Every structure is written in structure tokens, then in C-alpha cells.
Amino acid sequence: DVADKGIAAAIFMALARSILRASLVNAASPAGGIAAANRLICQDATGGMFVTLFYVEVDASGSLTYVNAGHNPAIVSKSLGGVCTELAGTGPLLGVDENASYHQETLQLGPGDFVLLYTDGVTEAVCGCAADACFGEQRLRESVLAQAGSASAMLDALSQALKEFMGPAPPFDDVTMVGIKRLA
């Protein structure tokens, strides 16, 4: 997610995406690749521009490795026990401090576990009936726990819950969600 809106922000996002992809191709680790990308992004980050990101690698065994650079924490819903946990930050946002360090975390997903990545436009979505009411992290966790099915079905249900909450009000920020569900 990039700071600000408009053409300048879109160009900065395209630049950051290209730098990230190139930096991660031959990186020794995700954290090392993100740190290298940050150094390059800092050279072009002017006027308060910055990027938050949640980088994820999942292998066939269900091992999930991530770097969270100042982004919203991903939500993990375990199929056993009905509990949501958050994957918190592992480093600062990109484009602010070229000497910033990042680390990566790894966890094991079990069969049926679901991971939700989302932008702040989801939790900061405003209710069409009350100007001060936001969808919020608690409502998002409750919505995740209430869903079942494929990742696609879960995302559809979460999108519907968000639309019902917002009513006719248009979103004031981007609303992006990505879901990962381990099948077996």
C-alpha cells in the first residue's frame, strides 16, 4: 500500500513494485530482499512518499514465511480452535530509513487454516449510517471466524459483510483483500 492517492502515488507504487520484484529474485532471504529494495526505494521517496507491504512465501508443506514492513497485520484463522492471531510487523515501512533492518518470521499452516492480508481501507471503511463508525479490526476478525469454505468463498463473504456495513457510502480508500487457505 502506498501513501497518498493520484498519479504520483500510482507511479511511485509501480516503481516500488518493480524494485521489490528485482530485489527479491536472487535475494538470500525475503528479509534481505526487502532491505535491499528499501535502500533503493528511499532514493526515490520524496515528499513524504512511502510504501507498506506484507510479503509472503508459502511452500507445499504449508510453511509460511513473511516480512511485514509497516503494513496491517495479517490475520490467521486456525481451523482447530476457532482462534484468530495476527502476524505483526517485522520491520518499518519502506522509503523512510535506508538503513532500516527487517527480519522474517515463519509459521506452519495446518489443513483448513486461512490467512487474510488486507489494506487499511478495509478496517477504516466507514459505516453509511454513522460517520464515526469504522469496520475495524475486531469486526474483521469476527467476520473471518464466521466464514467457512474456500479462500474465494471467504473473501466473497468478507466483501459482502463490508458492503453491508458501508451501505451506499463509497469507500474513501482502496479496499484490497487477499486470502490464502491450506487445503490439505
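Contact here means heavy atoms within 4.5 Å. Keep that cut-off in mind, and remember that this is a predicted model.

Start with two helices. Helix α1 covers residues 7–25, and helix α2 covers residues 30–44. Two packed helices are described by the angle between their axes and the distance between the axes. For α1 and α2, the angle is about 145° and the axes lie 8 Å apart. The crossing of α1 past α2 is right-handed.

Which residues of α1 and α2 meet? From α1 come Phe-12, Leu-15, Ala-16, Ile-19, Leu-20, Ser-23 and Leu-24. On the α2 side they meet Pro-30, Gly-33, Ile-34, Ala-36, Ala-37, Leu-40, Ile-41 and Asp-44. By type, the residues of this contact are 12 nonpolar, two polar and one charged.

Now look at the nonpolar residues that cluster inside. In soluble globular proteins, nonpolar side chains tend to be buried together. Here the largest nonpolar core has 21 residues. Phe-12, Leu-20, Ile-34, Ile-41, Leu-94 and Tyr-102 have the most contacts inside this core. Three elements give two or more residues to this core: α1, α2 and β2 (63–69). Helix α1 gives the most, with six residues.

Pick out Leu-94 in the model. What does Leu-94 touch, if residues up to four places away in sequence are not counted? Its contacts are Leu-20, Ile-34, Asn-38, Ile-41, Phe-50, Val-51, Leu-53, Ala-69 and Tyr-102. Apart from the core of Leu-94 lies another core, of 19 residues. Tyr-118, Ala-125, Ala-151 and Met-154 are among its members.

Next come the strands. Strands of a sheet pair through backbone hydrogen bonds, either parallel or antiparallel. One open sheet has three strands, in the order β1-β2-β5, with antiparallel pairing. Its edge strands are β1 (53–58) and β5 (105–108), and each pairs on one side only. From one strand to the next, the twist averages 25°. Strands β2 and β5 are joined by four bridges. Across this pair, Ser-63 stands opposite Gln-108 in β5.

A second open sheet has four strands. Their order is β4-β3-β6-β7, and the pairing is antiparallel. Why is one side of β4 and of β7 left without a neighbour in the sheet? Both β4 and β7 (177–181) stand at the edges with a single partner strand each, so one side of each has no neighbour in the sheet. Neighbouring strands of this sheet are turned by 20° against each other on average, direction ignored.

Follow β3 through this sheet. Strand β3 spans residues 74–77, strand β4 spans residues 84–87, and four bridges join the two. They form a hairpin with six residues between them. In the turn, Gly-81 has a positive phi of about 100°. Read the bridge partners along β3. Ile-75 is the partner of Glu-86. Val-76 is the partner of Thr-85. Ser-77 is the partner of Cys-84.

Strand β3 also pairs with β6, in the antiparallel sense, over three bridges. There, Val-76 stands opposite Val-115 in β6. Are the faces of β3 covered or open? Both are covered. Ala-74 and Val-76 on one side are buried, and so are Ile-75 and Ser-77 on the other.

A helix lies over part of this sheet. Helix α5 (residues 151–166) lies across β6 (114–118) and β7. Its direction runs at about 145° to β7.

Finish with one residue in a loop. Gln-147 sits between α4 (136–145) and α5. Why does Gln-147 count as partly exposed? Its relative accessibility is 24%, and partly exposed means between the cut-offs of 20% for buried and 50% for exposed. Gln-147 touches Met-154, Ala-157 and Leu-158, not counting residues up to four places away in sequence. Compare the position of Gln-147 with that of Lys-5. They are 142 residues apart in sequence and 32 Å apart in space, C-alpha to C-alpha.

Technical notes
Residues are numbered from 1 along each chain as its sequence is written. This is a predicted model: local features need pLDDT of at least 70, side-chain atom pairs count only at pLDDT 80 or more; totals for chains, interfaces and linings use all residues. Side-chain values use heavy atoms; hydrogens and water are left out. Axes are lines fitted to C-alpha atoms, for helices over the stretch in contact, and angles run from 0 to 180 degrees between N-to-C directions. A crossing is left-handed if the near helix is turned anticlockwise from the far one by less than a right angle, and right-handed if clockwise. Ala, Val, Leu, Ile, Met, Phe, Trp, Tyr, Cys and Pro count as nonpolar, Asp, Glu, Lys and Arg as charged, and the others, Gly among them, as polar. A nonpolar core is a set of buried Ala, Val, Leu, Ile, Met, Phe, Trp, Tyr and Cys residues joined through side-chain atoms within 4.5 Å. Buried means under 20% relative accessible area, exposed over 50%, partly exposed in between (1.4 Å probe, protein chains only). Two strands pair if DSSP finds at least two bridges between them.
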